[in-house]
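Work through the exercises below with the sequence and the structure at hand, and attempt each task before reading its solution.

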Amino acid sequence: MISRFETFQRMLGIKGGQFRRTGVTGGNIVVGVVLGVLSGKYIFEEPMQRYWAEKHAADAAAAGAISSSSNDGKEK
């Protein structure tokens with residue numbers, strides 16, 4: 001009799017058996033990676049661009065504030 005853990009491994013394709021005789025194939029992994037990258041690009045591209053635009057603007061403002069405060073005491 002097969003244990004529950006072995007059954008679970010066979011369902012996932014980690015261990016060959018009655019559910020998947022050949023185990024995990026490289027083609028399935030490649031297709032999954034490609035689909036994940038493409039869907040992630042379409043889901044997260046616009047929010048990430050907005051985040052980095054705000055982040056760069058905040059960094060530039062902070063750098064401008066630091067440089068103007070350091071120049072206040074040095075100008076004559």
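**Exercise 1.** Determine which residues form a nonpolar patch on the surface, and state their accessible area together.

*Solution.* The model is a predicted one, in which local features need pLDDT of at least 70 and side-chain atom pairs count only at pLDDT 80 or more, while totals for chains, interfaces and linings use all residues. Residues are numbered from 1 along each chain as its sequence is written, and side-chain values use heavy atoms, with hydrogens and water left out.

Step 1: patch members need over 30% relative accessible area and no salt bridge, with nonpolar side chains (Val, Leu, Ile, Met, Phe, Trp, Tyr) joined within 5 Å and like charges within 9 Å. Step 2: the nonpolar patch consists of I43, F44, M48, Y51 and W52, which together offer about 540 Å² of accessible area (Shrake-Rupley method, 1.4 Å probe, only the protein chains shown counting as cover for residues). Step 3: W52 lies in helix α2, residues 26-72 (a DSSP run of H or I, at least four residues, numbered from the N terminus).

**Exercise 2.** Explain why W52 counts as partly exposed.

*Solution.* W52 has 40% relative accessibility and is therefore partly exposed, a class between buried (under 20%) and exposed (over 50%).

**Exercise 3.** Find the partners of E45 and E46 in salt bridges (a side-chain nitrogen of Lys or Arg within 4 Å of a carboxyl oxygen of Asp or Glu).

*Solution.* Step 1: E45 pairs with K41, their closest N and O atoms lying 3.3 Å apart, and because these residues are 4 apart in helix α2, about one helical turn separates them. Step 2: E46 pairs with R50, where the corresponding separation is 2.8 Å.

Notes:
Helices (H or I, at least four residues) and strands (E, at least two) are DSSP runs, numbered from the N terminus. Buried means under 20% relative accessible area, exposed over 50%, partly exposed in between (1.4 Å probe, protein chains only).
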